[in-house]
Amino acid sequence: MAAAKPSPISSSISRPTPLHLTPPQSSPSFSPKTLPKPSYPHRTSLSHSTLSHAHHHSSFTARSQNPISSFFSSSKQHPDGRSIDCDDDEKPREECGVVGIYGDPEASRLCYLALHALQHRGQEGAGIVCVQDNVLQSITGVGLVSEVFNQSKLDQLPGDLAIGHVRYSTAGQSMLKNVQPFVAGYRFGSVGVAHNGNLVNYGALRAMLEENGSIFNTSSDTEVVLHLIAISKARPFLLRIVDACEQLRGAYSMVFVTQDKLVAVRDPHGFRPLVMGRRSNGSVVFASETCALDLIEATYEREVFPGEVVVVDKDGVQSLCLMAHPEPKQCIFEHIYFSLPNSVVFGRSVYESRRVFGEILATEAPVECDVVIAVPDSGVVAALGYAAKAGVPFQQGLIRSHYVGRTFIEPSQKIRDFGVKLKLSPVRAVLEGKRVVVVDDSIVRGTTSSKIVRLLKEAGAKEVHMRIASPPIIGSCYYGVDTPSSEELISNRMKVEEIREFIGCDSLAFLPFDSLQGMLGTQAPNFCYACFTGNYPVEPREDKVKRVGDFKDDGMTGSFDSIDGAWIPANRIHKQERDKEFEGSVL
């Protein structure tokens with residue numbers, strides 16, 4: 001897949017070859033102010049030879065017990081008490097995936113396909129907004145993309161301009177009003193938005209807006225963005241987006257749609273990915289991952305740069321710098337777990353990253369073994385890298401079932417490790433009498449890992465050696481990834497040997513943090529490692545607490561009062577001057 005070489009963002013709006021499309025009604029013209037040209041470091045290829053050992057592992061103290069955790073159980077209960085949450089595989093979960101398409105007569109159908117390619121980023125809800133005759137039409141629903149949309153629904157979404165969203169949530173049931181894209185009308189027309197990320201100053205912004213009379217329909221941080229656009233005094237629409245985004249803190253990769261424009265925005269740190277492509281008919285596509293471009297036969301052109309706003313309308317593609325931005329802090333977990341292996345994320349092949357992770361583990365944590373297996377699906381590529389480097393055959397020792405729903409009724413006679421057995425089946429012919437290396441992408445709480453080890457030994461494995469293709473996770477994420485609170489993270493409470501004993505494996509090794517940074521080479525400073533170090537690029541001023549069982553408030557109730565208990569002030573000490581600076585920039 002050939003990628004066009006990206007050009008730096010112009011300090012003023014650039015105008016490439018216009019798209020030859022039917023012009024919509026006229027919109028305000030403008031000449032934005034001159035902005036400084038950002039500098040984007042040259043991206044280097046993956047290299048194992050650049051390993052360095054310069055990082056000192058930061059300490060991180062577990063937070064106090066979540067005050068609301070005692071009121072909730074970690075799984076859904078069947079009336080007879082025998083229900084099990086089969087989706088509780090304790091992996092960090094990506095919150096969302098977004099898509100935007102301009103200039104294709106089948107925009108909604110292409111959006112549907114692109115969302116299908118991004119289904120791994122969210123399985124709880126999906127939605128599409130399209131524009132026809134200057135009217136924004138929306139269809140959203142709870143469930144998978146294929147469950148929400150069918151032929152008749154897509155027929156209700158004509159037009160050549162559309163945005164889409166897939167969503168993941170963890171708190172109880174998903175409610176329709178919380179499924180994006182959100183659409184709102186205000187004095188200058190209508191606007192739709194789809195958002196991937198999380199705003200760490202959501203509480204302060206919402207309190208300010210409610211103080212001034214704003215009324216909210218959900219408790220999603222995305223709704224705040226619409227309110228900020230509506231009250232902005234800037235003109236025209238593009239500068240209202242800039243005005244709104246300058247008040248946001250945290251992670252956001254967003255696509256907006258109006259009657260005649262498609263706008264893509266990425267936060268100044270570039271936490272979450274967002275790419276741009278183009279189909280053969282000239283239509284422009286934005287998506288969270290390149291795998292979505294591949295499915296709809298769009299050619300990858302470049303990333304939306306951190307801090308960039310890209311506008312597509314009848315005049316073509318326009319770009320400007322959102323604001324002066326610091327060093328990029330791209331989420332490293334996109335390469336470890338979230339993104340599909342066939343995607344190119346942050347300019348790097350996800351497949352190659354994971355393969356090298358496995359090679360590093362084989363080099364730095366070797367062990368005598370007979371076979372290498374993976375915890376499917378996310379551990380497969382790293383396991384292939386480990387096996388190739390170690391010269392040991394890779395085999396499928398665990399078979400994953402893709403047909404298990406979120407909950408399943410357990411038989412009256414309790415089956416040990418029932419949830420894991422529903423999803424993973426050991427292959428005795430591969431395991432029996434063997435010394436087995438099992439490669440997984442991460443360990444969060446450790447409970448699933450212990451069940452997998454037990455499963456392998458019950459299937460006849462002589463020894464089980466776990467190799468984890470990421471450093472230990474010691475910090476919760478506040479930038480759009482659902483992870484448990486810090487006190488639930490096993491690596492935040494135990495040393496490696498203690499974790500090994502808890503899991504019950506014969507040996508345990510994580511990807512060394514220094515080696516991870518060394519593999520990234522000169523790009524290492526451009527990634528966010530907060531989940532490994534506890535050092536947050538954007539300090540969370542309002543901690544979105546995750547209760548035991550992966551609870552995270554995500555807008556299920558709609559009432560701000562009802563979610564107040566799910567937010568607590570950050571328990572970190574901030575300098576008074578920084579607090580004043582923060583308050584001034586937000587309020």
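Strand β4 and strand β6 (residues 161-167) pair in the antiparallel sense over 7 bridges. In this predicted model, β4 also pairs with strand β5 (residues 135-142), again in the antiparallel sense, over 8 bridges. The points below cover these strands, the nonpolar cores, the aromatic pairs and the surroundings of Glu463.

**Strand β4 and its partners**

- Strand β4 spans residues 125-132, and 7 of its 8 residues are buried, so the strand is largely enclosed by the rest of the structure.
- On the β6 side, Cys130 of β4 stands opposite Ala162.
- On the β5 side, Gly127 stands opposite Thr140.
- The hairpin of β4 and β5 has 2 residues between the strands, and Asp133 takes a positive phi near 55° there.

**Nonpolar cores**

- The largest nonpolar core holds 48 residues, of which Val372, Tyr479, Tyr529 and Phe532 touch the most other members.
- Elements giving two or more residues to this core are the helices α8, α9 (350-364), α10 (380-390), α16 (513-520) and α17, together with the strands β19 (371-374), β23 (435-440) and β27 (527-528).
- Helix α9 gives the most to this core, with 6 residues.
- Another core, of 31 residues, lies apart from the largest one; Leu199, Phe237, Phe256 and Val265 are among its members.
- Beyond its neighbours within four places in sequence, Tyr479 is in contact with residues including Gly197, Asn198, Val200, Ala251, Phe271 and Arg272.
- The contacts of Tyr479 also include Cys528, Tyr536, Pro537, Val538 and Glu539.

**Aromatic pairs and a charge over a ring**

- The count of aromatic pairs comes to 11.
- One of them joins Phe333 and Phe532, with 5.9 Å centre to centre and 40° between the planes, which is a tilted arrangement.
- Phe333 lies in helix α8 (residues 333-338) and Phe532 in helix α17 (residues 530-533), so this pair ties together parts that are 199 residues apart in sequence.
- Both rings of this pair belong to buried residues: Phe333 has 4% relative accessibility, and Phe532 has a relative accessible area of 0%.
- The rings of Tyr478 and Tyr536 have centres 5.4 Å apart and planes at 65°; the pair is therefore edge-to-face, as the angle is over 60 degrees.
- Tyr478 sits in the loop between β24 (463-468) and β25 (481-482), while Tyr536 sits in the loop between α17 and β28 (542-544), so the pair links distant parts of the chain, 58 residues apart.
- Tyr478 counts as buried at 5% relative accessibility, and Tyr536 is buried with a relative accessible area of 8%.
- One aromatic cluster is formed by Phe333, Tyr337, Phe338, Phe513, Tyr529 and Phe532.
- Arg206 lies over the face of Phe216, at 4.2 Å from the ring centre.

**Surroundings of Glu463**

- Glu463 is placed in strand β24 and counts as partly exposed, at 24% relative accessibility.
- The side chain of Glu463 makes a polar contact of 2.8 Å with the side chain of His465.
- Leaving aside neighbours within four places in sequence, Glu463 is in contact with Glu368, Lys434, Arg435, Val436 and Asp506.
- Glu463 and Cys369 are 94 residues apart in sequence, and their C-alpha atoms are 8.4 Å apart in space.

Terms used: Residues numbered from 1 in each chain as written. Predicted model: local features only at pLDDT ≥ 70, side-chain atom pairs only at ≥ 80, totals over all residues. Heavy atoms only, no water. Phe/Tyr/Trp six-rings, centres within 6.5 Å; stacked < 30°, edge-to-face > 60°. Helix = DSSP H or I, 4+ residues; strand = E, 2+ residues; numbered from the N terminus. Buried < 20%, exposed > 50% of the residue type's maximum accessible area, 1.4 Å probe, protein only. Lys NZ or Arg CZ within 6 Å of the ring centre and 35° of its normal. Contact = heavy atoms within 4.5 Å. Polar contact = N/O pair within 3.5 Å; in protein donor to acceptor, adjacent residues only side chain to side chain. Core = buried A, V, L, I, M, F, W, Y, C linked by side-chain atoms within 4.5 Å. Pairing = 2+ DSSP bridges.
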